[in-house]
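Got the model open in your viewer? Here's a short tour, one selection at a time.

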Amino acid sequence: MTIWIKELLKNLDEKIDTSTRKSILGACGEKCPFTHLPDDKLLNIKSESKDENEFLEMLCEKWRLKNENGKYFVVFDKCYCPLVNEDLKGTSQSLCFCTLGNIKHKFRIGLGRDVAVEMQKTILAGDDECRFYIDLNNL
């Protein structure tokens with residue numbers, strides 16, 4: 001499966017512009033069956049929270065959200081995608097658009113509104129972590 005995924009991504013990279021790849025893989029990310037935080041668990045956290053701030057605090061405790069001086073980031077210490085994580089070599093960073101879409105989906109459900117998410121670092125790009133900035137005030 002890993003070889004097939006890598007080939008798919010390679011062809012997407014070669015034949016489709018970045019904006020379209022981001023849109024396609026982001027939409028796939030919304031339906032990711034491998035997510036660390038399934039929608040039902042996210043909704044439980046939301047129901048246990050009295051407001052948006054408490055929800056964000058609980059996500060920091062129970063998930064990979066980090067509050068760094070009032071700015072929020074989702075941070076992964078490695079690539080957890082089971083489609084490629086056994087052999088990352090040669091995997092296109094475009095796959096990370098899937099994670100980007102998944103994160104946007106999580107915040108849409110949890111906050112009841114869209115937020116902007118910026119992919120800042122990824123393991124697949126050779127970085128030491130995957131880091132996504134969550135802009136709660138801008139879309």
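Start with α3 and α4, whose crossing is right-handed. Keep in mind as you click around that this is a predicted model. To bring the pair up, select residues 39-48 for α3 and 52-62 for α4; their axes come within 9 Å and cross at roughly 135°. That angle makes α3 oblique to α4. Now show side chains: on the α3 side the contact is made by Leu42, Ile45, Lys46 and Glu48, and α4 answers with Glu54, Phe55, Met58, Leu59 and Lys62. Colour this contact by residue class and you get five nonpolar, four charged and no polar residues.

Keep α3 on screen, hide α4, and bring in α5, residues 96-111. Here the axes of α3 and α5 come within 9 Å and cross at roughly 35°. Once again you're looking at a right-handed crossing, with α3 passing α5. Pick Asp39, Leu42, Leu43 and Lys46 in α3, and you'll find them meeting His105, Lys106, Ile109 and Gly110 in α5. By class, the contact of α3 with α5 holds three nonpolar, two polar and three charged residues. Notice that Leu42 and Lys46 of α3 turn up here as well as in the contact with α4.

Next, swap α3 for α2, residues 18-29, and leave α5 where it is: these two axes come within 7 Å and cross at roughly 55°. So α2 is oblique to α5. The crossing of α2 past α5 is right-handed. Which residues make the contact? From α2, select Thr18, Arg21, Lys22, Leu25, Gly26, Cys28 and Gly29; from α5, take Phe97, Cys98, Leu100, Gly101 and Asn102. Sorted by class, the contact of α2 with α5 has five nonpolar, five polar and two charged residues.

Last stop: the largest pocket. Turn on a surface or run your favourite pocket viewer, and look for a space of about 530 Å³. What lies nearest its centre? Select Cys32, Cys81, Leu95, Cys98 and Thr99, which are the nearest of the 28 lining residues. You've already met Cys98, in the contact of α5 with α2. To see where the walls come from, colour α1 (2-15), α2, α5 and β4 (130-135), since each of these supplies at least two lining residues. Finish by colouring the lining by class: 23 residues are nonpolar, four are polar and one is charged.

Technical notes
Residues numbered from 1 in each chain as written. Predicted model: local features only at pLDDT ≥ 70, side-chain atom pairs only at ≥ 80, totals over all residues. Heavy atoms only, no water. Axes fitted to C-alpha atoms, helices over the stretch in contact; angles between N-to-C directions. Helix = DSSP H or I, 4+ residues; strand = E, 2+ residues; numbered from the N terminus. Parallel < 35°, antiparallel > 145°, perpendicular 65-115°, else oblique. Left-handed = near helix turned anticlockwise from the far one by under 90°. Contact = heavy atoms within 4.5 Å. Nonpolar A, V, L, I, M, F, W, Y, C, P; charged D, E, K, R; others polar. 1 Å grid on protein atoms, 1.4 Å probe; cavity = no way out; pocket = protein on both sides within 12 Å on 5 of 7 lines; lining within 4 Å. Points joined across faces, edges and corners; volume = space filled by probe spheres on them.
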